[in-house]
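Please look over the sequence and the model below before reading the notes that accompany them. The report is arranged by topic, and each part can be read beside the structure.

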Amino acid sequence: MEASGTDEVDKLKTKFMSAWNNMKYNENKMLPARSGCTIEDHVIAGNVEEFRKDFISRIWLTYREEFPQIEASALTTDCGWGCTLRTGQMLLAQGLILHFLGRAWTWPDALHIENSDSDSWTSNTVKKFTASFEASLSGERELRTTALSLKETIGKYSDDHAVQNEIYHRKIISWFGDSPVAVFGLHRLIEFGKKSGKKAGDWYGPAVVAHILRKAVEEARHPDLQGITIYVAQDCTVYNSDVIDKQTNSSTSGDARDKAVIILVPVRLGGERTNTDYLEFVKGVLSLEYCVGIIGGKPKQSYYFAGFQDDSLIYMDPHYCQSFVDVSIKDFPLETFHCPSPKKMSFRKMDPSCTIGFYCRNVQDFERASEEITKILKISSKEKYPLFTFVNGHSRDFDFTSTAASEEDLFSEDEKTTFKRFSTEEFVLL
């Protein structure tokens with residue numbers, strides 16, 4: 001009986017490891033676009049380690065299980081339905097990284113987690129699974145991975161600036177914790193989604209998530225978040241005066257300085273399928289220092305696109321069901337919030353429905369960004385009309401005035417109508 005159990009474990013190991021080896025990508029050939037640099041530039045320079053550190057430093061938010069029950073439901077997991085909310089969280093998290101830590105920041109411990117060439121997150125999961133299976137046969141407890149504590153991590157840093165960066169790193173992750181009190185956590189996003197007719201367990205499209213993120217940031221009361229706002233483009237149009245108004249409105253923060261803004265632009269890159277003519281545009285925006293990624297995916301799956309290689313997109317995948325992490329604990333483990341292994345997908349497989357994100361630190365930054373993005377739109381557009389546009393003036397100047405929302409109803413009637421339209425246009429996400 002004991003020998004038979006060992007044989008089963010060996011077979012299971014072989015089967016899982018074979019499947020993983022078939023999926024594994026050659027990381028040395030993949031780099032996310034960064035501040036206009038091409039993939040080839042980085043590879044020729046031999047900056048593979050720089051790429052790995054930059055990629056791993058991005059915050060990775062995936063399915064979770066065994067978190068506090070979502071209000072008005074029996075759900076304690078978002079597995080199978082929450083992937084677009086997770087990709088939206090990842091885009092917002094990258095915007096917050098730029099806002100608080102800057103584009104040059106990388107996590108000092110990024111290369112200390114599992115090496116994606118030999119011991120990636122997936123292979124580590126397989127090992128833990130098989131180790132758990134072996135332990136169950138012998139009556140032993142499940143093995144646990146070692147967590148990096150805040151005290152151990154900060155002890156490695158040589159200056160106060162690095163310590164402060166690590167504190168903000170943890171703070172940003174905690175804002176996305178899976179609990180009702182986390183300002184950008186799944187529970188809070190679902191509450192905002194209810195205003196648009198969505199509920200826990202429903203599928204969310206990229207455009208709907210864009211509006212939910214906007215509301216979540218607008219309603220955030222944390223002092224550190226009063227200097228940032230979100231603007232969502234209306235019908236593929238960014239109204240410059242509306243954006244600047246949001247940046248210069250200091251009535252809630254009491255601060256005369258410009259607010260930073262994350263601009264979200266829901267678009268469709270074609271009809272039933274993605275039009276490959278948009279490939280150069282997507283590569284162009286991902287190369288901009290202002291771009292914080294794309295909420296998109298392929299039919300039935302949502303991904304967070306962070307870069308490209310040739311005609312493929314590099315992405316972070318939320319479709320891993322991990323255990324709940326209590327981010328209210330001071331030394332909560334960070335490893336499961338960072339993805340050690342990038343994935344890539346052919347642009348042709350991308351679903352046409354997506355939301356593009358840009359971060360601008362102040363009004364001057366926005367004005368420069370709008371000029372650069374407009375240039376890319378003109379260069380990449382083979383048709384008379386670009387994918388989206390920047391227009392001088394307010395939306396109300398073009399008869400797109402929205403009815404002001406009351407305190408009891410966070411979304412206006414026009415916004416609800418927009419949600420319904422987007423809901424019928426989006427692809428189904430699992």
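The sections below go from the whole chain to its sheet, the helices on it, and some individual residues.

## The chain as a whole

This is a predicted model, and the protein chain in it holds 13 helices and 11 strands. Of the 430 residues in the chain, 52% are buried. Among contacts between residues at least 6 apart in sequence, 75% join residues that are at least 24 apart.

## The seven-stranded sheet

An open sheet is formed by 7 strands, which follow one another in the order S2-S4-S10-S5-S6-S7-S9 with mixed pairing. Its edges are strand S2 (228-232) and strand S9 (343-346), each of which pairs on one side only. Neighbouring strands in this sheet are turned against each other by 35 degrees on average, when direction is ignored.

Strands of a sheet pair through backbone hydrogen bonds, either parallel or antiparallel. In this sheet S2 and S4 run parallel and are joined by 5 bridges, with Ile262 in S4 as the bridge partner of Ile230. Strand S5 (residues 291-298) and strand S6 (residues 301-309) run antiparallel, also with 5 bridges between them, and here Ile295 stands opposite Tyr304 in S6. S7 and S9 pair in the antiparallel sense over 4 bridges, and Lys343 in S9 is the bridge partner of Tyr315.

## The two edge strands

In a regular strand the side chains alternate between the two faces of the sheet. For S2, Ile228, Ile230 and Val232 point one way while Thr229 and Tyr231 point the other way, and all are buried. This edge strand is accordingly described as mostly covered, with 5 of its 5 residues buried.

At the other edge, S9 has a covered face made up of Lys343 and Met345, whereas Lys344 and Ser346 make up its uncovered face.

## Helices on the sheet

Which strands does helix H4 touch where it packs on the sheet? Helix H4 (residues 83-100) is in contact with S2, strand S4 (260-268), S5, S6, strand S7 (312-316) and strand S10 (353-360), and its direction makes about 170 degrees with that of S5. Helix H9 (residues 206-219) packs on the sheet as well, touching S2, S4, S5 and S10, with its direction at about 150 degrees to that of S2.

Helix H8 (residues 186-194) has Leu186, His187, Leu189, Ile190, Phe192 and Gly193 as buried residues. These buried residues of H8 pack against H4 and H9, the two helices described above as packing on the sheet.

## Enclosed space

Rolling a probe the size of a water molecule over the atoms shows where empty space is left. In this model the count comes to 5 cavities of 30 Å³ or more, and the second largest cavity has a volume of about 60 Å³.

The lining of the second largest cavity consists of Asp54, Ser57, Arg58, Gln94, Ile97, Gly102, Arg103 and Trp105. Helix H3 (48-57) and H4 each supply at least two residues of this lining. By residue class, the lining of the second largest cavity divides into 2 nonpolar, 3 polar and 3 charged residues.

## Val238 and its surroundings

Val238 lies in strand S3 (residues 237-239). Val238 counts as buried because its relative accessible area is 0%, under the limit of 20%.

Beyond its neighbours within four places in sequence, Val238 is in contact with Tyr231, Ala233, Val243, Ile263, Val265, Phe366, Thr389, Phe390 and Val391. Val238 and Leu264 are 26 residues apart in sequence, and their C-alpha atoms are 9.2 Å apart in space.

## Two loop residues with positive phi

Cys236 is placed in the loop between S2 and S3, and Cys236 has a positive phi of about 60 degrees although it is not a glycine. With a relative accessible area of 30%, Cys236 is partly exposed.

Asp310 is found in the loop between S6 and S7, where Asp310 has a positive phi of about 55 degrees although it is not a glycine. Is Asp310 buried or partly exposed? Asp310 is partly exposed, because its relative accessible area of 43% falls between the limits of 20% and 50%.

Technical notes. Residues numbered from 1 in each chain as written. Predicted model: local features only at pLDDT ≥ 70, side-chain atom pairs only at ≥ 80, totals over all residues. Heavy atoms only, no water. Pairing = 2+ DSSP bridges. Axes fitted to C-alpha atoms, helices over the stretch in contact; angles between N-to-C directions. Contact = heavy atoms within 4.5 Å. 1 Å grid on protein atoms, 1.4 Å probe; cavity = no way out; pocket = protein on both sides within 12 Å on 5 of 7 lines; lining within 4 Å. Points joined across faces, edges and corners; volume = space filled by probe spheres on them. Nonpolar A, V, L, I, M, F, W, Y, C, P; charged D, E, K, R; others polar. Buried < 20%, exposed > 50% of the residue type's maximum accessible area, 1.4 Å probe, protein only.
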